[in-house]
Structure formats: structure tokens, C-alpha cells
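Biologist: Please show me the model, and let us go through what its labels rest on.

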Amino acid sequence: MPADPAHVLILGGTTEARRLAEALTAAPGSPRVTTSLAGRVTSPVLPPGETRIGGFGGPEGLAAWIAAHRVTHLVDATHPFAERMSFNAAQAAALSGVRLLALRRPGWTPGPGDDWHFTDSLAGAATALPGLGTRAFLTTGRMGLHSFAHLTEPWFLVRSVDPPAGAVPPRLEVLLARGPFTLADERELLARHRIDLLVTKDSGGSATSPKLTAAREAGIPVLVVRRPAVPEGVRQTPSVGEVLDWLSA
Ligand code: NAP
């Protein structure tokens, strides 16, 4: 029996996932490519190729989808903080026997002049935060705002694509905007809102790193939430090129 034609399922929601879909669909003799999005953003920028939106129903649901759509290669290109989905991908790959590679951007590291403070979770950030500043630029994402909802201090600035839903801190201003943001944008934002503390996840990558440079220049401390654990035994790469090599091997 002839082997199934290649069908790559990209678990997306990141710039890297979109870049991979663009590279794969642009290549001559490109395979079938489907990008899966969780459906968190109301009007997502859709990548080329096929797309599907919404959860699969856990690892078993993902394994069933893989079998039903004859997926040959699974690429976990979700955000480094999409911990559950990465574990689901590893489990689904084991259940279905499909090959799995994680495309994950490296984390950030502090340089000379940085005043970074580390914590392991959003709850840890909420505990550490009041002692570090009075006007905080909170860039940890709108989905986790409930972790800070009990804090009356500091005042918060939150920037997100869609408005926050659920519990939020009482002293909060929301700025609706979609990145990437330039260093000039970030300098202006910190100055305009008199920000004295930046709170961020260690997302890595260049699309959202100018805020770190702007904070360093302004002498502002940064509270960094460390990355969650990754599933053991899953091969990882930071490079779209390496994923292409893996697919063509
Ligand atoms: P998560 O906590 O790891 O996943 C929660 C559930 O959402 C999963 O169990 C899965 O539901 C569904 N899901 C997640 N990613 C999916 C995808 N690409 N396609 C289909 N279903 C998906 O994920 P999260 O942290 O909420 O992130 C959700 C999405 O936003 C991801 O695509 C991620 O790349 C993107 N994102 C996340 C962050 C962040 O800071 N967490 C930042 C930027 C972008 P089922 O179990 O039902 O399959």
C-alpha cells in the first residue's frame, strides 16, 4: 500500500507557527499543512494553508483528530507558556505514533544594566509585585489577570489584543493593541504612563523584547515569570529551518 502523503499539523498561536506555515506552503511540492488555533483571539491573523480553531478535547481528542485527518507530522509551535497543550501534544504523539517536534523560541536572559527579578508563576508575581513598583506595566496576558485581581496596589497598565474578561485588578487601564511594538513605541509608552515596573513572562523572541530594552534604558525593574516545564523526551528546536529539514528527512 502506498504511504500516506505528508500532512503537517502545526499547533499554533505564535509568530513562529505562522512563519513555519508560510515557509511550508511556499515550498515547491509543499505538503498539506493545517494550523490549529485555540480560538482565544477574536480576529486572529490566519496563516496560509488550512486552519482549524478550538480545542481537540484533550490528548485523546488530538490523537483522534490526527488519525482521522491522516496527519504524518505534528509540530508543537505553541507559546512557551501553553503548558497544557505541549503536554497534550506529547501524549497524543505517543498514542498515535505520529512524529513530533517542538518549535520553541529561546528564553530571554538579562544583560548588563538589567534589574530583573524572577518568579515561578503569576501567583508568585502577584506576591512580589507590590514591593517593586507603584505603576506597573503588566504584559503577562489578559487570560491570567485574575491572579492580580485582589491587588489594590500598584496601578496597572495592561496591553492586549482583545479586552480582558473576568476578574481584573481595580486600578487598571487597558490599552487595546496588537504587536509587534518597536523600541520607540515602548519608550514612549513607559514615559507617558510613568511606569516604574515591568511585569512579563519569559516569552522569548524578538517581537516583544523591545519593552525589555526600554525598561533597561529607563532604569525600571522587571519582574520575570519563569517558563513552565516542558514534556520530557520531546525534541525541540528554535529554528523554522530545522523543522523544514526534519520534515524533509
Ligand atoms: P494551554 O493552557 O496550554 O491549553 C489549554 C487548552 O487550550 C488545551 O488543553 C487545548 O484544549 C486548547 N489549545 C491550546 N492551544 C491550542 C491550539 N494551538 N489548538 C487547539 N487547541 C489549543 O494554552 P494557552 O496558554 O491558553 O494558550 C492558548 C493558545 O494561545 C495557544 O495556541 C498558544 O500558542 C497561544 N498563546 C499563548 C500565550 C500564553 O502566554 N499562554 C501567549 C501567546 C499565545 P483541548 O485540550 O480541548 O485540546
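Biologist: What distance separates the centres of domain 1 and domain 2?

Modeller: The centres, taken over C-alpha atoms, are 28 Å apart. This is a predicted model, in which local features need pLDDT of at least 70 and side-chain atom pairs count only at pLDDT 80 or more, while totals for chains, interfaces and linings use all residues. Residues are numbered from 1 along each chain as its sequence is written, and side-chain values use heavy atoms, with hydrogens and water left out.

Biologist: Which residues make up domain 1 and domain 2?

Modeller: Domain 1 is 7-106 + 229-248 and domain 2 is 116-225; such bounds come from an automatic or database domain assignment.

Biologist: How much area do domain 1 and domain 2 bury between them?

Modeller: About 820 Å², with 52% of it on carbon and sulfur atoms. Buried area is the accessible area (1.4 Å probe) that two parts lose on being put together, summed over both. Arg40, Phe81 and Arg105 supply 50% of the area that domain 1 buries against domain 2.

Biologist: Why is the pair formed by the ligand and Lys201 called a polar contact?

Modeller: A polar contact is a pair of N or O atoms within 3.5 Å; within protein, one must be able to donate a hydrogen and the other to accept it, and residues adjacent in sequence count only if both atoms are side-chain atoms. An oxygen atom of the ligand is 2.7 Å from an N or O atom in the side chain of Lys201, so the pair meets the definition.
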